[in-house]
Amino acid sequence: NRQTKKLDGPYAIGGAYRGIKAVMKMVGLREIRKKKGYTQLKVAMDLSISREALSYYENGKRSPDLQMLLLLSQYFDVSVDYLITGKNFTPKYGLHQ
């Protein structure tokens with residue numbers, strides 16, 4: 001009998017998981033698509049995916065695999081961090097040289 005657990009702490013993405021699988025809402029994906037004036041259908045056709053898949057990524061019903069995440073990042077010319085959070089990556093600690 002497998003139990004479903006909730007994520008807690010800084011990695012809480014919202015939703016239940018089995019093992020380490022979790023689905024996240026990609027806030028920046030929708031934001032950058034709309035900022036560029038692209039429809040879901042245009043992006044989906046350009047990337048050879050279904051419009052429904054893109055909608056699922058934007059709404060957190062499905063998570064893209066790493067290859068798709070990198071493709072989306074290149075397509076929109078933004079970081080993977082931006083696609084997920086809607087914010088650019090800022091290190092917590094300064095880099096030492």
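**Exercise 1.** Leaving aside its neighbours within four places in sequence, which residues is L54 in contact with?

*Solution.* A friendly reminder before we start: this model is predicted. Contact here calls for heavy atoms within 4.5 Å. Once neighbours within four places in sequence are set aside, the partners of L54 are L29, R33, Q40, V43, A44, I49 and L72.

**Exercise 2.** Find the largest nonpolar core and say which helices build it.

*Solution.* Start with the core itself, which has 17 residues. Next, look for the members with the most contacts inside it: L29, I49, L54, Y57, L72, F76 and L83. Then turn to the elements: α1, α2, α3, α4 and α5 each give two or more residues to this core. Finally, the largest share, 4 residues, comes from α4. As background, nonpolar side chains in soluble globular proteins tend to be buried together.

**Exercise 3.** Work out how the buried residues of helix α1 are arranged, and what covers them.

*Solution.* First list the buried residues of α1 (residues 27-35): G28, L29, I32 and R33. Viewed down the helix axis, they fall within an arc of 130°, so they line one face of α1. On the other side, K34 and K35 are exposed. The cover over the buried residues includes α2 (40-47), α3 (51-59), α4 (66-76) and α5 (80-85). Just after α1, G37 has a positive phi of about 75°.

**Exercise 4.** Trace the ring contacts around Y38.

*Solution.* Begin with the ring pairs, which join Y38, Y75 and F76 into a cluster. Then add the charge: the charged end of K42 lies over the ring of Y38, 4.9 Å from its centre.

Key:
Residues numbered from 1 in each chain as written. Predicted model: local features only at pLDDT ≥ 70, side-chain atom pairs only at ≥ 80, totals over all residues. Heavy atoms only, no water. Buried < 20%, exposed > 50% of the residue type's maximum accessible area, 1.4 Å probe, protein only. Arc of directions from axis to C-beta. Phe/Tyr/Trp six-rings, centres within 6.5 Å; stacked < 30°, edge-to-face > 60°. Lys NZ or Arg CZ within 6 Å of the ring centre and 35° of its normal. Core = buried A, V, L, I, M, F, W, Y, C linked by side-chain atoms within 4.5 Å.
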